[in-house]
Amino acid sequence: MTNSKSVVSATWLFEHLEAPQVAIVDCRFSLADPQFGRQQYHKSHIPGAFYLDLNQDLSSPVAQHGGRHPLPDPEKLAHKLSQMGITPQTLVVAYDDSRFAFAARLWWLLRYLGHTQVAVLNGGFKGWLASGYPVTDTIPESEPGNFVPQEHADQVVDITAVKARKDLPNVILVDSRESDRYLGEREPIDPIAGHIPGAVNYPWQEVSDAQGYLRSLSEQQQRWEKLQEEKAKEIIVYCGSGVTACVNLLSLELAGIDTGKLYAGSWSDWCSYQLAEGKLGE
């Protein structure tokens with residue numbers, strides 16, 4: 001499962017640790033303990049890896065609307081990426097230990113900002129350790145780079161676009177959360193349970209196995225066969241806050257489908273408008 005330009009294996013990365021045109025980014029994070037990922041990074045990480053925090057680096061501050069993880073300011077993120085020595089020629093390899101939940105967010109963000117040279121590490125940090133490859137607690141020094149963001153606004157939609165397009169015959173709305181949250185049987189985070197009317201459910205965890213390895217390309221293709229049959233011209237993907245939806249967008253990419261777009265605010269943004277309008281569901 002490493003024959004996609006969006007995925008690299010632990011073996012490949014180990015063989016390219018010293019490559020000047022490869023930058024490694026540790027994206028480990030815990031929604032339950034926001035300091036956990038950074039603490040784990042300081043204990044041990046892949047040699048040469050920098051750290052980017054979901055809340056501090058890969059998101060903007062929360063507001064009334066926009067969801068729990070609004071997209072980061074492009075210039076601020078670009079500055080941080082430049083400090084890592086990233087240039088237009090750099091291959092960025094992102095990893096986490098959460099089945100791509102956070103690495104895929106960086107993968108999508110870089111593509112959204114016009115940088116297609118980006119991949120996720122198959123198996124994540126656990127797979128790296130299982131392969132017996134080295135780790136370190138040494139923090140790499142900043143290097144001058146030149147990351148120039150070029151936003152692809154057509155890859156993201158807001159609530160206005162979702163409402164206007166979700167019921168069109170050639171548009172499919174995909175909810176990436178676990179099925180019990182989609183069905184409204186459980187809602188541990190947001191104030192309203194359920195899903196956006198008309199959405200179909202493709203839980204993001206199905207993209208990988210329990211060990212954190214991506215399922216095969218043929219499995220990724222089979223997963224989206226029904227949507228392919230419906231000849232959707234636009235697939236709008238959301239989750240709770242626009243983070244794990246990126247795992248489904250990675251899956252779509254692996255399956256050869258380039259019509260996926262992110263509803264960045266996702267269910268948490270949708271809920272914020274329901275509450276503002278005095279509704280408990282729609």
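Strand β5, which covers residues 118-121, has side chains pointing both ways in this predicted model. Val-118 and Val-120 head one way, while Ala-119 and Leu-121 head the other way. That fits a general pattern: in a regular strand, side chains take turns between the two faces of the sheet. Whichever way they point, these four residues of β5 are all buried.

Strand β5 also has partners. One of them is β1, a short run made of residues 7-8, and two bridges join β1 to β5. The two strands run parallel. Here Val-7 sits opposite Val-120 of β5. Another partner is β4, residues 91-95, which is joined to β5 by three bridges. This pair runs parallel too. Val-93 has Ala-119 in β5 as its bridge partner. So much for the pairing; next comes the connection. Helix α4, residues 103-112, teams up with β4 and β5 to make a β-α-β unit, and this unit is right-handed.

Now for the whole chain. The protein chain holds 11 helices and 10 strands. Its radius of gyration is 18 Å, close to the 19 Å that the globule rule gives for 282 residues, so the chain is as compact as a globular protein of that length. Measuring tape in mind, the C-alpha trace spans about 50 × 40 × 35 Å along its principal axes. Of the 282 residues in the protein chain, 52% are buried. Among contacts with a separation of 6 or more, 75% link residues 24 or more positions apart. As for the outside, the accessible surface of the chain adds up to about 12,500 Å², and carbon and sulfur atoms account for 50% of that.

Loops can hold buried residues as well, and Val-207 is a case in point: it lies in the loop between β8 (200-201) and α8 (217-223), yet Val-207 is buried. The relative accessible area of Val-207 is 0%, and the cut-off for "buried" is under 20%, so Val-207 counts as buried. Setting aside neighbours within four places in sequence, Val-207 is in contact with Leu-214, Arg-215, Gln-220, Arg-223, Val-247, Asn-248 and Ser-251. Leu-252 is 45 residues away from Val-207 in sequence, but the C-alpha atoms of the two are 9.7 Å apart in space.

Conventions
Residues numbered from 1 in each chain as written. Predicted model: local features only at pLDDT ≥ 70, side-chain atom pairs only at ≥ 80, totals over all residues. Heavy atoms only, no water. Buried < 20%, exposed > 50% of the residue type's maximum accessible area, 1.4 Å probe, protein only. Pairing = 2+ DSSP bridges. Right-handed = clockwise from strand over helix to strand, strands pointing away. Rg over C-alpha atoms; globule rule 2.2 N^0.38 Å. Contact = heavy atoms within 4.5 Å. Areas by Shrake-Rupley, 256 points an atom, 1.4 Å probe, with all protein chains shown as cover.
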